[in-house]
Amino acid sequence: MFKKILVANRGEIALRVIRTCKEMGIKSVAVYSKADEESLHVKFADEAVCIGPAASSESYLKMSNIIAAAEITNADAIHPGYGFLSENAKFSRICEEHNIKFIGASPDMIDRMGDKANAKSTMIAAGVPCVPGSEGVIETFKDCIKVAKETGYPVMLKASAGGGGKGMRAVWKEEDLQDAWESARQESLAAFGNNDMYMEKLIEEPRHIEIQVVGDSRGKACHLSERDCSIQRRHQKLTEETPSPFMTDKLREDMGAAAVKAAEYIKYEGAGTVEFLVDKHRNFYFMEMNTRIQVEHPITEQVIDFDLIREQIMVAAGIPISGKNYLPNLHSIECRINAEDPYNGFRPSPGKITVLHAPGGHGIRLDTHVYAGYSIPPNYDSMIAKLITTAQTREEAINKMRRALDEFHIEGIKTTIPFHRQLMDHPDYIAGNYTTAFMDTWKMEEPVDEE
Ligand code: MV4
């Protein structure tokens, strides 16, 4: 087992990993930028190394500085968290070359699943349901017209290097295809330095339901059931829940089996997430596979009483998994609390938290790195806390979330707490009747005048 793990991340996920290291008796090393000197993960780790100035490119993305920090602290493993270098094949390879265990996917696995067209071809070969469309990357616009005709409009053009919606265009009729093809390729080239495109039949108003999987070094995989992540704004998840209100026992069994088949086919090691699109007829289709721990992993932990970070560390240390699948016994909801103003286009609202009262009580989990007196730096993503409620039923979990959001009091910055509080009263949300199109139509009520 590892003696010391360097956590190459910041914020709540760095704290999350450090906490599990402590429980496992593993020493932890925090890395931090100048802007994060006062951050909680620095205070909670056994050791801390400043790796550079505020800019991510000079700190949390600076591979040489992170490896140097691991060398001088004699860390035998690095946990990358999510974002930053968590799905960077070059960093995974550099860790290998320095004999430091990367607690994540191998370089080849990251490359294979990061290339979306290639990932899809692999899943087709594995017998995992995929959206009909092109066989791999489309070479020319002439081929694009041909594939669109064969697929049938509406179609979705997608960037192979993409993800999170960048370089993606829905096309409803042939006359719009050329503009979409050119603008999507331009956007993808600018964002990823690659303009390979593939095409799929457009699935209208899908749900985004993902399956958590864990694979071990023997090639065995299991699933830990689903998370419904359909409530998103501009491809940013806002709230997630498990079980999905759209799920049936049969659908869970079929999606779980498909996700395990995918993981075992590619000999996936570690914690991963197989994302599916689910249409209104409950047909499900492979979308993408993420080779990292996800922001929303806590709701899965809550309903099966499991520590996913511990599982990642055990698998990375070569310990076989039990192999059994897990089905949810409870209901859990996560609301991502961001330092953003929901009444002004969710624009970022960094600054000093002057007052903070955290919710508590039975069934409340708050994963956060912030505290009263902490100044939120403007340099990083705006998520400051994940509020998670767990109860026997969905209704009780929603009710508990209402109560927890009412208790959650933060002054000094704007947050998305009011957004989530209104969401919990929305009839379609309460009915579980929502798709990825939910946020396209819903507008929040205006703020109540501050007294
Ligand atoms: C789709 C789709 C409809 N049909 N593919 C969005 C980003 C990337 N994960 C893939 N995405 C989509 N792919 C086909 N064939 C609709 C989306 C989509 C979406 C998917 C999941 C969650 C939110 C979304 C918001 C807009 C579009």
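**Exercise 1.** Which strands each supply at least two residues of the shell around the ligand?

*Solution.* The model is a predicted one, and the search begins with the secondary structure. Strand S6 (155-159), strand S8 (197-201) and strand S13 (284-290) each supply at least two residues of this shell. In total, 17 residues surround the ligand, and the closest are Lys158, Glu200, Lys201, Ile203 and Glu288. Sorted by character, the residues of the shell divide into seven nonpolar, six polar and four charged.

**Exercise 2.** Find polar atoms of the protein that lie beside nitrogen atoms of the ligand.

*Solution.* Begin with the backbone, where a polar atom of lysine 201 is 2.9 Å from a nitrogen atom of the ligand, and a polar backbone atom of isoleucine 203 is likewise 2.9 Å from a nitrogen atom of the ligand. Then turn to the side chains, where a polar atom of glutamate 288 lies 3.0 Å from a nitrogen atom of the ligand. Finally, consider the cover: on its own the ligand has 520 Å² of accessible area, and the protein covers 89% of it.

**Exercise 3.** Decide whether glutamate 150 is buried or exposed.

*Solution.* First locate the residue, which is in helix H7 (residues 141-151). Its relative accessible area is 55%, and exposed means over 50%, so glutamate 150 is exposed.

**Exercise 4.** Describe the largest cavity and its lining.

*Solution.* A search of the whole structure finds one cavity of 30 Å³ or more, and the largest cavity holds about 50 Å³ of space. Its lining includes Arg10, His369 and Asp381, and the lining residues divide into six nonpolar, one polar and two charged.

Definitions and conventions. Residues numbered from 1 in each chain as written. Predicted model: local features only at pLDDT ≥ 70, side-chain atom pairs only at ≥ 80, totals over all residues. Heavy atoms only, no water. Helix = DSSP H or I, 4+ residues; strand = E, 2+ residues; numbered from the N terminus. Buried < 20%, exposed > 50% of the residue type's maximum accessible area, 1.4 Å probe, protein only. 1 Å grid on protein atoms, 1.4 Å probe; cavity = no way out; pocket = protein on both sides within 12 Å on 5 of 7 lines; lining within 4 Å. Points joined across faces, edges and corners; volume = space filled by probe spheres on them. Nonpolar A, V, L, I, M, F, W, Y, C, P; charged D, E, K, R; others polar. Near = heavy atom within 4 Å. Polar contact = N/O pair within 3.5 Å; in protein donor to acceptor, adjacent residues only side chain to side chain. Areas by Shrake-Rupley, 256 points an atom, 1.4 Å probe, with all protein chains shown as cover.
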